[in-house]
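This report concerns one protein model and the ligand modelled with it. It turns from a loop to the sheet and then to the ligand site.

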Amino acid sequence: MSASEDLEELPGVGPATAEKLRDNGFDNYQGIAVASPGELSNTADIGESSAADIINAAREAADIGGFESGTTVLERRQEIGKLSWGVEEVDEMLGGGVETQSITEVYGEFGSGKSQVTHQLSVNVQLPREHGGLEGSTIFIDSEDTFRPERIEDMLFGLDDEILEDTMVLHGIVEEGEADAGDEQLQEALLEAVLDKIHVAKAFNSNHQILLAEKAQEIASKTQDEEFPVRLLCVDSLTAHFRAEYVGRGELAQRQQKLNKHLHDLMRVGDLNNTAVVITNQVASNPDSFFGDPTQPIGGNILGHTSTFRMYLRKSKADKRIVRLVDAPNLADGESVMRITGDGIIPE
Ligand code: GTP
Ligand code: MG
């Protein structure tokens with residue numbers, strides 16, 4: 001659905017209009033489908049009614065904005081998975097863990113542990129369900145060059161022996177009863193199996209990041225009938241490139257528009273593939289300074305419409321971090337404590 005060459009198939013879109021649309025970031029059906037007629041009409045120099053026709057056709061083609069029965073919605077919601085954070089207190093606060101079919105925003109100042117959380121979840125998602133996993137794989141969009149396989153290794157072998165052994169069996173490395181957490185050969189095979197199930201892509205700029213999210217949809221949907229379907233999509237960081245590239249006041253609207261489209265794409269991956277979407281966002285610890293009030297949603301009203309969890313990480317003494325749940329639908333706000341150690345993220 002993301003192929004940019006298809007724009008000309010929309011009613012009334014010739015090569016010139018298609019080019020104007022692409023130049024302004026409307027390079028696929030999804031982006032057009034969520035635009036307003038006024039916005040599109042200005043962008044492409046066409047009348048509002050033509051713009052409305054184009055938007056409707058794009059919606060149909062992208063399958064956005066259609067109705068579905070309450071039964072379908074209910075069926076999909078019954079499949080929601082809960083991914084363990086690795087800290088019981090945090091899981092409880094979240095009503096069981098990080099949800100699939102939702103976006104979870106992890107925000108906080110530098111060093112608060114956002115990247116560590118995405119690494120830990122990338123390990124945890126691969127664990128057996130009885131140990132809080134989703135028996136799935138991860139797509140990791142890395143915009144700050146923070147992904148470290150060595151940290152995945154630390155976190156994997158920081159797990160209890162029983163979990164490691166059950167995970168060896170789940171990944172098909174040994175038969176049940178023959179797993180041995182202390183066996184070096186088995187450990188090596190397990191590490192390789194786990195790293196193989198993290199699809200990492202570096203995003204070089206915001207447009208590239210947007211493309212990668214579209215690509216993520218393709219990869220995720222391909223894996224759904226396989227073993228270890230994609231159950232986690234991390235974007236670390238969601239906002240860094242957008243902030244660096246759209247700096248002036250006059251560019252804020254454009255930045256927000258791009259960010260909204262990007263969030264839509266991410267939400268779609270989550271919805272269509274029963275995948276948890278975890279995004280990170282750096283904010284200053286002092287709400288009055290640079291980035292504004294950290295309790296305000298970054299995605300504006302777009303994120304407000306979707307099912308969203310916001311987790312605020314705050315540094316505490318030494319390796320302790322306070323995790324606060326902010327504004328979650330149907331859940332009480334709360335706080336818990338975790339530690340970031342050599343073994344990864346663990347309870348206080
Ligand atoms: P920015 O990306 O800069 O905004 O920060 P962040 O929120 O992503 O922080 P990150 O997740 O990188 O956390 C960094 C903190 O995690 C460090 O200050 C360390 O306290 C801890 N940490 C990271 N790696 C290790 C490690 O290998 N061992 C231990 N013990 N702690 C680590
Ligand atoms: Mg980071």
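In which loop is Asp145 found? The model is a predicted one, and in it Asp145 belongs to the loop between S4 and helix H8 (149-157). The backbone of Asp145 has a positive phi of about 55°, although the residue is not a glycine. A second backbone feature is the cis peptide bond that joins Asp236 and Ser237, with omega about 0°. Ser237 lies in the loop between S6 and helix H12 (240-245). Both features depart from the common pattern, because most residues other than glycine have a negative phi and most peptide bonds are trans.

**The sheet**

Strands S4 and S6 belong to an open sheet of nine strands with mixed pairing, in the order S5-S4-S6-S7-S3-S8-S9-S10-S11. Strand S5 (198-202) and strand S11 (344-347) stand at its edges; each has a single partner strand, so one side of each is left without a neighbour in the sheet. Direction ignored, neighbouring strands of this sheet are turned by 25° against each other on average.

Two pairings illustrate the mixed character of the sheet. Strand S4 (residues 137-142) pairs with strand S6 (residues 230-236) in the parallel sense, over six bridges. Within this pairing, Thr138 has Leu232 of S6 as its bridge partner. Helix H11 (residues 206-222) lies across S4, S5 and S6 and runs at about 170° to S4.

Toward the other end of the strand order, S10 and S11 pair in the antiparallel sense over four bridges. A hairpin of two residues joins S10 to S11, and the bridge partner of Ile340 in S11 is Ile345.

**The ligand site**

Ligand 1 is surrounded by 15 residues, of which Gly111, Lys114, Ser115, Gln116 and Gln282 are the closest. By class, this shell holds two nonpolar, eight polar and five charged residues. Helix H7 (114-124) and strand S10 (334-341) each supply at least two residues of the shell. The largest share, three residues, comes from H7. Strand S10 therefore has a place both in the sheet and in the shell around ligand 1.

Polar contacts to ligand 1 include the following.

| Residue | Protein atom | Ligand 1 atom | Distance |
|---|---|---|---|
| Lys114 | polar side-chain atom | oxygen | 2.7 Å |
| Arg151 | side-chain N or O | oxygen | 3.3 Å |
| Gly342 | backbone N or O | nitrogen | 3.2 Å |

Taken alone, ligand 1 exposes 660 Å², and the protein buries 63% of that area. Lys114, one of the closest residues to the ligand, contributes its side chain to the contact with an oxygen atom. Gly342, by contrast, takes part through a backbone N or O atom, which lies 3.2 Å from a nitrogen atom of the ligand.

Terms used: Residues numbered from 1 in each chain as written. Chains lettered and ligands numbered in written order. Predicted model: local features only at pLDDT ≥ 70, side-chain atom pairs only at ≥ 80, totals over all residues. Heavy atoms only, no water. Near = heavy atom within 4 Å. Polar contact = N/O pair within 3.5 Å; in protein donor to acceptor, adjacent residues only side chain to side chain. Areas by Shrake-Rupley, 256 points an atom, 1.4 Å probe, with all protein chains shown as cover. Nonpolar A, V, L, I, M, F, W, Y, C, P; charged D, E, K, R; others polar. Pairing = 2+ DSSP bridges. Axes fitted to C-alpha atoms, helices over the stretch in contact; angles between N-to-C directions. Contact = heavy atoms within 4.5 Å.
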